[in-house]
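User: I'm new to this one and would like a close look at a single part of it. Could you walk me through it in one go?

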Amino acid sequence: MNGRLLSVVPSADVNWLLSTEVQSGAALVAIVGGLLVARLTGLSGDRTYLRRAARDADAELALVREYRADAEADLSHLVANHSWFMPMTNCSSDPETSIMPTSPR
């Protein structure tokens with residue numbers, strides 16, 4: 001060999017490289033999966049809140065409609081039983097000329 005040193009390169013072990021790549025990929029999948037689960041959980045909570053708010057608004061609307069119907073019935077009763085009752089026609093915003101009662105200050 002003419003006095004030269006011949007070095008033999010051992011075969012490279014690539015198992016550590018493949019193992020590292022697989023672990024990194026698994027970590028990324030876990031991070032993305034965790035973010036998706038957190039987002040879905042938040043959306044589910046928002047949906048539950050909105051459904052409850054809509055149900056409460058419907059109940060309040062039904063109550064207001066009931067109050068309105070009662071008020072209209074009371075007004076009809078007052079008009080029918082009191083011939084002196086006349087709707088007010090002069091409802092100006094000027095307190096000096098308005099026939100509407102004003103609230104005390």
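How much area does the protein expose, and what share of it do carbon and sulfur atoms supply? After that, please zoom in on the salt bridge.

Analyst: Happy to. Keep in mind that this is a predicted model. The protein exposes about 10,100 Å², and carbon and sulfur atoms supply 63% of that area. Just 1% of the 105 residues count as buried. As for the fold, there is one helix and there are zero strands.

Now to the part you asked about. The structure holds one salt bridge, and the partners are Glu72 and Arg68. Their closest N and O atoms sit 3.0 Å apart, which is inside the 4 Å cut-off for calling a salt bridge. In general, side chains of opposite charge can pair when their charged atoms come close. Both residues belong to helix H1, and because they are four residues apart there, about one helical turn separates them. How open are they? Arg68 has a relative accessible area of 58%, so it counts as exposed. Glu72 comes in at 42%, so it is partly exposed.

Helix H1 covers residues 15-81, and Trp16 lies in it too. With 57% relative accessibility, Trp16 counts as exposed. Trp16 also joins Val14, Leu17 and Leu18 in a nonpolar surface patch; together these four have about 410 Å² of accessible area.

Conventions:
Residues numbered from 1 in each chain as written. Predicted model: local features only at pLDDT ≥ 70, side-chain atom pairs only at ≥ 80, totals over all residues. Heavy atoms only, no water. Patch = residues over 30% accessible without salt bridge, like charges linked within 9 Å, V, L, I, M, F, W, Y side chains within 5 Å. Areas by Shrake-Rupley, 256 points an atom, 1.4 Å probe, with all protein chains shown as cover. Salt bridge = Lys/Arg side-chain N within 4 Å of Asp/Glu carboxyl O. Helix = DSSP H or I, 4+ residues; strand = E, 2+ residues; numbered from the N terminus. Buried < 20%, exposed > 50% of the residue type's maximum accessible area, 1.4 Å probe, protein only.
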